[in-house]
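This report describes how selected side chains are placed and paired in one protein chain. Please keep the sequence and the structure in view while reading.

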Amino acid sequence: MLIRQAPDLKSSEITPEHIYLRRREFLRLATGAAAGALIAGCAPEPASAQTPIPNIGKRMVTTDDKVNTFEEITSYNNYYEFGMDKRDPQRRAGQLKTSPWTVKIEGACNKPADYAVEDLIKPFELEERVYRFRCVEAWSMVIPWVGIPLASVIKRAEPTSKAKFVEFTTVLHPKEMPGLPYGGLNWPYTEGLRLDEALHPLTLLAVGLYGKTLMNQNGAPIRLVVPWKYGFKGAKSIVRIKFTERMPHTAWNDAAPDEYGFYSNVNPNVDHPRWSQATERRIPGYFKSTKTLMFNGYADQVASLYAGMDLKKYY
């Protein structure tokens, strides 16, 4: 797998020049705090009003595939709390109020706490990471996320020896989420990872994309990104992170356990009961003409996590 760090990277390799932040804009904002930018950018506003994130540190590219445009990434989404059509989140998520925002950390840890989102990320260096994104519905994108390693937050919380899993809970605001009656899931949306998966260096808590704060339809103000798993594992608009001894319930696994397993690793050899996972449709294309890669192309990084496991049984 190709991974390039900042010294080998040109800005044009990551993002289209007409969308990406101007260098002067970065310099002008460099004296501001990244956390302050996040607060200002959390209100639901049109894309042009997103707040640039200053002082982004490391940059990592993990694929030679073309990065999707900002419009593609923000207009074709699954976020069933706002509707089941791919365009519904863009049309409806703006009404979700994302400031102020608190993330509760609890469970089997020595340092449980409630954090304002800006305080949660403030101690850590923000990074830009260009990841493949693979949806269980067999479509995919390449997205330039901005965030911090989830491992940084976990280590800060000091999990106890009883912590074997990490559970994530998405916000539940019925008055602001018109899709709730039709989504067919138990709300609030929950997801989970094994602790070693959560600690893996590729696992990200994202607070932005394309160098700016997240749009609501992409999970503002803070979401999970696990690039070797199907996209529904990436809990959006997180309000709780809980350390547990037992495998947590997850929304899609509860709703259809024969279709959506707890692990949900991208695997071309394990089909969904209703479609093949061997190929995928790369947005904005119309045909499943791209070969699906094991672990979404991150096998050399993460396969050791599942050594000896039957990946068809534990799908």
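## A partly exposed glutamate and its partner

The model discussed here is predicted. A useful starting point is E137, which is partly exposed, with a relative accessible area of 30%. This residue forms a salt bridge with K86, and the closest N and O atoms are 3.2 Å apart. The two residues come from distant parts of the chain, with their positions 51 residues apart in the numbering. K86 belongs to the loop between helix 4 (70–75) and helix 5 (88–92), while E137 belongs to the loop between strand 4 (127–134) and strand 5 (139–149).

How does K86 compare with the cut-off for burial? Its relative accessible area is 13%, and K86 is therefore buried, since the limit is under 20%. E137, at 30%, counts as partly exposed.

## The chain as a whole

The secondary structure of the protein chain comes to 10 helices and 13 strands. The chain has 315 residues, of which 56% count as buried. Among contacts with a separation of 6 or more, 73% are made by residues 24 or more positions apart.

The average pLDDT of the protein chain is 88, and 84% of the residues score at least 70. Over residues 6–48, however, the pLDDT is below 50. This stretch has 73 contacts in the model beyond near neighbours in sequence. Where pLDDT is low, the predicted coordinates should not be read in detail.

## Further salt bridges

Side chains of opposite charge can pair when their charged atoms come close. The structure holds 18 salt bridges. One of them joins D88 and R91, whose closest N and O atoms are 2.4 Å apart. Both residues lie in helix 5, where a spacing of 3 residues corresponds to about one turn of the helix. Are these partners buried or exposed? D88 has a relative accessibility of 8% and so counts as buried, whereas R91, at 54%, counts as exposed.

Another salt bridge is formed by R134 and E280, with the closest N and O atoms 3.0 Å apart. R134 lies in strand 4 and E280 in strand 12 (residues 279–282), so this pair ties together parts that are 146 residues apart in sequence. Both R134 and E280 are buried. These two residues also belong to a network of salt bridges that links them with D65, R132 and R282.

## Aromatic pairs

The model contains 12 aromatic pairs. In one of these, Y131 and Y298 are arranged edge-to-face, with 6.0 Å from centre to centre and 75° between the planes. Y131 lies in strand 4, and Y298 lies in the loop between strand 13 (290–291) and helix 10 (299–302), so the pair ties together parts that are 167 residues apart in sequence. Both Y131 and Y298 are buried.

Why is the pair of F232 and Y260 classed as edge-to-face? The planes of their rings meet at 85°, with the centres 5.4 Å apart, so the pair is edge-to-face; the class requires an angle over 60 degrees. F232 is found in the loop between strand 10 (223–225) and strand 11 (238–244), and Y260 in the loop between helix 9 (251–255) and strand 12, so the pair ties together parts that are 28 residues apart in sequence. Both F232 and Y260 are buried.

## An aromatic cluster and charges over rings

F165, F262, Y263, F295 and Y306 form one aromatic cluster. F262 also has a charged neighbour: K233 lies over the face of its ring, at 4.4 Å from the ring centre. A second such arrangement involves K236, whose charged end sits over the ring of Y79, 5.3 Å from the centre.

## Cysteines and a residue in helix 6

A disulfide is a covalent bond between the sulfur atoms of two cysteines. In this model the count of disulfides is 0. C109 is buried, with a relative accessible area of 10%, and C135 counts as buried at 5%.

D119 is found in helix 6 (residues 117–121). At 40% relative accessibility, D119 counts as partly exposed. D119 and V103 are 16 residues apart in sequence, and their C-alpha atoms are 9.7 Å apart in space.

Technical notes:
Residues are numbered from 1 along each chain as its sequence is written. This is a predicted model: local features need pLDDT of at least 70, side-chain atom pairs count only at pLDDT 80 or more; totals for chains, interfaces and linings use all residues. Side-chain values use heavy atoms; hydrogens and water are left out. A salt bridge is a side-chain nitrogen of Lys or Arg within 4 Å of a carboxyl oxygen of Asp or Glu. Helices (H or I, at least four residues) and strands (E, at least two) are DSSP runs, numbered from the N terminus. Buried means under 20% relative accessible area, exposed over 50%, partly exposed in between (1.4 Å probe, protein chains only). pLDDT is the predictor's confidence in each residue, from 0 to 100. Contact means heavy atoms within 4.5 Å. Rings of Phe, Tyr and Trp (its six-membered ring) pair if their centres lie within 6.5 Å; planes under 30 degrees apart count as stacked, over 60 as edge-to-face and the rest as tilted. A charge sits over a ring if NZ of Lys or CZ of Arg is within 6 Å of the ring centre and within 35 degrees of the ring normal. A disulfide is a pair of cysteine sulfur atoms within 2.5 Å.
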